[in-house]
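Open the model in your viewer and keep the selection panel at hand. The tour goes from one selection to the next and says what is there.

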Amino acid sequence: MPLDSMGPVYASWAKRFNSDLVSASALGTTLVVIDSYDIAVELLEKRAAKYSSRPVSVMACELMGWDCIFAFLPYSDAWRDRRKLFRFLLDLNETPDEFYGLVRHMVGGLAISLAYGLPIQRRHDPLHMVDAIPALKHIPAWCPGGGSKRFANANKWMSGAFRAEPYEKADKSFWHRGPNGRASEVAKGRDLEVILDTACTIFATSADTSTNSILSFIFALATHPEYRRKIHAELDSVLADRSGTLRLPTLEDRESLPFLMAAVMESQRWAPVIPIGIPHRTTEDDVFEGYSIPKGTAQARSMLNNEKVFGPDPYSYNPERFIRPNATGKGVEINPSVRHPNTIAFGFGRRSCPGSHLAQSTLWLTAACLLTLYEFETPASEKANYVGPDGSIDKERWDAGFVCHPRPFKCEFKVRSPQAAALLAELGIEM
Ligand code: HEM
């Protein structure tokens, strides 16, 4: 059973056995790999009452102390309570180089503000946890045992620090947030454990995932300058006024920037942040098209690199797979007949990602602002380390555990035009 690069391995099983449903057993646990969107919907959504628990991970929960993150809890009242409070907190807010650290800091700060209502300073925040995002990638996705106890102990302090330290600092913000005291009413009626777990879950689940999705996007465009140039032209046509003065993009611009949207969609597909999803676990025996799926079976997915869904060369970065000429024939638009990767990337049914809208907005807005202001590219001397002669990315470049991200890569940023420099100056950012 692979513990690394699971997405591509599971996809290769589906291909080898020519089946959208492949089962494997190890250490007394059965795992079913689903390689079809329709089957995932049928089992994980339509039969959600049976398919919404999680495999018990001794390593993650008991040894590392991550059971405070409700993403790993079985389907239970404890999970329901935390998930309800999570929704409330989101609604309330509505809304190895330097750049690695900056992306981490930005996303970590957003997560802390959401979870605890604390403002985050630009860098070197006294709330140092922002820069020490929990290493979700180390958590074995479904394996009930496994992993070293020494490693687990070394990580256990993190869940304590993530849970207790910021809460103490934010305590007041729960009781005083909002002019009508809505937060106070909701928070006061709940057990402190639920509040601590929910806030810590927001931070733990959003920071690592969003950071990695942004880093993958930067990596994709740093190694594919031809697409970056197309996006720059598109941004200029939408964001510059007649005199050439640029403005920053907003979420309302999404539809007017189809190529940028396709580039974002393709980076989510090409480098899935959670390549096999977080496995679900059945709580009752089931039968699907003659196959028996016993109680306790874990299900993982591997569909984002599926060529039946997304077309040929699924391991190549190619935003064009999502676009088609528009009605005027002069521009392009998103092709609605190709599946949107978000319908897979954020999971299925009752356990699907409750932060998906926030994650999508964060990724799109970061991508749009970065490209409006900067050019970035891997230095020519480094390129051969990342990209093969056929344009494909070396698989060794990915740290492909449970949560996937590009390994540290070199990337040079420069302000892309005098108009971009003027916009930065207007924003008060000194160059
Ligand atoms: C690119 C970013 C992200 C990706 C790709 C992602 C993906 C996922 C996936 C695949 C799952 C498992 C779904 C399933 O079991 O069917 C999940 C669960 C979860 N996600 Fe996300 N996520 C992202 C960002 C976020 C953010 C920003 C937040 C919080 C603000 C968040 C909060 C959660 C939580 C709490 C769960 C557990 C849900 C449960 O077990 O009930 N995620 N996410």
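Start by selecting Pro-379, which is found in the loop between strand 9 (374-377) and helix 14 (380-386). Helices (H or I, at least four residues) and strands (E, at least two) are DSSP runs, numbered from the N terminus. Pro-379 counts as exposed because it has 11 C-beta neighbours inside 10 Å. A residue is buried if 20 or more other C-beta atoms lie within 10 Å of its own, exposed if 12 or fewer, and partly exposed in between, with C-beta atoms placed from the backbone. Leaving aside neighbours within four places in sequence, Pro-379 is in contact with Lys-410 and Glu-412; contact means that the C-beta atoms of two residues, placed from the backbone, lie within 7 Å. Now add Asn-342 to the selection: Pro-379 and Asn-342 are 37 residues apart in sequence and 31 Å apart in space, C-alpha to C-alpha.

Two notes before moving on. Residues are numbered from 1 along each chain as its sequence is written. This is a predicted model, in which local features need pLDDT of at least 70 and side-chain atom pairs count only at pLDDT 80 or more, while totals for chains, interfaces and linings use all residues.

Zoom out to the protein chain. It has 15 helices and twelve strands, and of its 431 residues 40% count as buried.

**Helix 8**

Select residues 192-223, which form helix 8. This helix has 32 residues and reaches 47 Å from its first C-alpha to its last, close to the 46 Å expected at 1.5 Å a residue. The expected span is 1.5 Å times one less than the number of residues. Helix 8 is mostly covered, with 27 of its 32 residues buried.

Pick Ala-204 within helix 8. Is Ala-204 buried or exposed? It is buried, because 28 other C-beta atoms lie within 10 Å. Add Arg-163: Ala-204 and Arg-163 are 41 residues apart in sequence and 9.7 Å apart in space, C-alpha to C-alpha.

**Helix 8 against helix 13**

Keep helix 8 and add helix 13 (residues 356-373). Two packed helices are described by the angle between their axes and the distance between the axes. Here the angle is about 35° and the axes are 10 Å apart. Axes are lines fitted to C-alpha atoms, for helices over the stretch in contact, and angles run from 0 to 180 degrees between N-to-C directions. Helix 8 passes helix 13 in a right-handed crossing; that is, the near helix is turned clockwise from the far one by less than a right angle, whereas anticlockwise would be left-handed.

Which residues meet in helix 8 and helix 13? On helix 8, select Ser-206, Thr-209, Ser-210, Ser-213, Ile-214 and Phe-217; on helix 13, select Leu-358, Ala-359, Thr-362, Leu-363, Thr-366 and Ala-367. By class, this contact has six nonpolar, six polar and no charged residues. Ala, Val, Leu, Ile, Met, Phe, Trp, Tyr, Cys and Pro count as nonpolar, Asp, Glu, Lys and Arg as charged, and the others, Gly among them, as polar.

**The ligand**

Centre on the ligand, which 26 residues surround. The closest are Ala-71, Ser-206, Gly-347, Cys-353 and Gly-355. A residue is near a molecule or strand if its C-beta atom, placed from the backbone, lies within 6 Å of it. The elements that give two or more residues to the shell are helix 4 (77-93), helix 8 and helix 13. Helix 8 gives the most, with seven residues. By class, the shell has 13 nonpolar, eleven polar and two charged residues.

**Strands 7 and 8**

Select Glu-333 in strand 8 (residues 332-334). Glu-333 counts as partly exposed because it has 17 C-beta neighbours inside 10 Å. Leaving aside neighbours within four places in sequence, Glu-333 is in contact with Pro-258, Ile-323, Arg-324 and Asn-326. Next take Pro-325, in strand 7, which is exposed, with 11 other C-beta atoms within 10 Å. The C-alpha atoms of Pro-325 and Asn-335 are separated by 8.5 Å.

**Two loop residues**

Most residues other than glycine have a negative phi. Select Glu-289, in the loop between strand 4 (286-288) and strand 5 (291-293): its phi is positive, about 45°, although it is not a glycine. End at Asp-313, in the loop between helix 11 (307-310) and strand 7 (323-325), with a positive phi of about 50°.
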